[in-house]
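These are my notebook entries on a single chain. I set down what I looked up, entry by entry.

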Amino acid sequence: MTNPFDTVSADAILDGTATDAYFERTERTLEHAGRNPRVVAEVTCDQFPTGEFQAFAGVEDAAQLFEGRDVDVDALREGRLFDGGPVLRIEGPYLEFARFETSLLGFLSGASAFTTNALRARKAAPESLVLSFGARHVHPAITPVVERAGLVAGLDGFSHVAAGEVLGREAGGTMPHALMICFGRGNQEAAWAAFDEAVGEDVPRVALCDTFTDEKDETIRAAETLGDALDSVRLDTTGSRRGDFRHIVREVRWELDARGHEDVGIFLSGGLTPESLRNLRDVADGFGIGGYVTDADPFDFGLDIVAVDGEPVAKRGKLSGTKQVYRTPDGRHHVGLAAADAPADAEPLLEPLVRDGEIVREFDIDEAAARARADVEAVGFE
Ligand code: PCP
């Protein structure tokens, strides 16, 4: 079937057609001139540490670009935090990878940015249930990138069904306002009851309680309708009605408790940020967070040649020579030349990813999440 969407195919990414035109002209020129030097090229954001750590992600997709090519690639592991210096290094004849620069940077820039913002959200409410709701803000083709970023950052789940199939995890979710509106104003009880009858036992009974009347009123009615079956209420109060959201949430908690529903949770969503999570985490049980993660600015990664035929060289503004980056025992990030002595007791972070065109690393979301968690502690992220 021809692709009816404005998306580039996996084949175009893997054969390098998904590139900027100037790389095709560069290839033609180098081939015409009979030049194909052996180079070292590094992907960096900031050259030197800035004091602000960022998360690294997208490396599994990036690795696919180099399979079967005459290159060695070293990279940080997914979920590691870095602060300046290279996150990935390629060594080989330049023409082996020139045309893959565009896709390589694209894989890393978005995924790393999503993961970093998801980590900020995780850090803002470490004890709360935090779910990823941002799939609606991105092209459907990259929803697995968003949901994976959330999982690597330690979020507790996500909403997108097809992304779940790609990642081998199940999506979660309960009801949108559309369901409530299909039953009509005044018929909220019918909507909640029908949901309870229709969906499987494994689906939590989370009643959306902000559609037609106020949150307190709809919450009391949902509790009266579903009784002990009610697990949580979701408040997605729209911005124009929100006023003092913390006060609304506390009121809802009060009314639930006053009716013996202390075990019914309160789940919040809609335009939440780490700041709002910090402000609400002691009065709510969980959060859905979308735009804060998907609005993350892509990282400004660049790929630069830093050595040609064994000699250090770099354009102005970039640092020449093959480098290594380290986590030092005091939780700092150190950038140094690979040939220089490592700082005492430091952990080198650039590790083999591809050797002679073969991917030599396994990728596991849970292990990446464990690395991110450990690094957040080690470096005092945020
Ligand atoms: C929630 C809310 C946001 C969605 C989640 C993403 O959806 O309205 O648009 O969160 P974000 O604001 O952090 O990006 P629903 O309440 O399910 O939306 P709808 O009104 O379509 O039912």
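Entry 1. Which residues in α5 meet which residues in α14? I note first that the model is a predicted one. On the α5 side I found Arg148, Leu151 and Val152, and these meet Ile365, Ala368, Ala369 and Ala372 in α14. Sorted by class, this contact of α5 with α14 holds 6 nonpolar residues, 1 charged residue and no polar ones.

Entry 2. I then looked up the geometry of the pair. Two packed helices are described by the angle between their axes and the distance between the axes. For α5, residues 143-152, and α14, residues 365-379, I recorded an angle of about 50° and axes 8 Å apart. The two helices, α5 and α14, are therefore oblique to each other.

Entry 3. I turned to the packing of α5 with helix α4, which spans residues 101-124. Here the angle is about 40°, and the axes lie 8 Å apart. I therefore entered α4 as oblique to α5. The crossing of α4 past α5 is right-handed. From α4, the contact is made by Ala111, Phe114, Thr115 and Ala118. From α5, Val145, Val146, Ala149, Gly150 and Val152 take part. By class I recorded 7 nonpolar, 2 polar and no charged residues for the contact of α4 with α5. I also noted that Val152 is listed in the contact with α14 and in the contact with α4.

Entry 4. I looked up how the chain is divided. Domain 1 is made up of 14-28, 36-114 and 297-379, and domain 2 covers 127-294. The C-alpha centres of domain 1 and domain 2 are 38 Å apart. Between them, 11 residues of domain 1 are in contact with 12 residues of domain 2.

Entry 5. I next looked up backbone angles. Where does Asp309 lie in the chain? I placed Asp309 in the loop between β12 (302-308) and β13 (311-312). Its phi is near 50°, a positive value in a residue other than glycine. Is Asp309 buried or exposed? With a relative accessible area of 53%, Asp309 is exposed.

Entry 6. I made the corresponding check on Glu382. This residue is not a glycine, yet its phi is positive, at about 60°. I located Glu382 in the segment after α14. The relative accessibility of Glu382 is 57%; exposed requires over 50%, so I entered Glu382 as exposed.

Note on methods: Residues are numbered from 1 along each chain as its sequence is written. This is a predicted model: local features need pLDDT of at least 70, side-chain atom pairs count only at pLDDT 80 or more; totals for chains, interfaces and linings use all residues. Side-chain values use heavy atoms; hydrogens and water are left out. Axes are lines fitted to C-alpha atoms, for helices over the stretch in contact, and angles run from 0 to 180 degrees between N-to-C directions. Helices (H or I, at least four residues) and strands (E, at least two) are DSSP runs, numbered from the N terminus. Angles under 35 degrees count as roughly parallel, over 145 as roughly antiparallel, 65 to 115 as roughly perpendicular and the rest as oblique. Contact means heavy atoms within 4.5 Å. Ala, Val, Leu, Ile, Met, Phe, Trp, Tyr, Cys and Pro count as nonpolar, Asp, Glu, Lys and Arg as charged, and the others, Gly among them, as polar. A crossing is left-handed if the near helix is turned anticlockwise from the far one by less than a right angle, and right-handed if clockwise. Buried means under 20% relative accessible area, exposed over 50%, partly exposed in between (1.4 Å probe, protein chains only). Domain bounds come from an automatic or database domain assignment.
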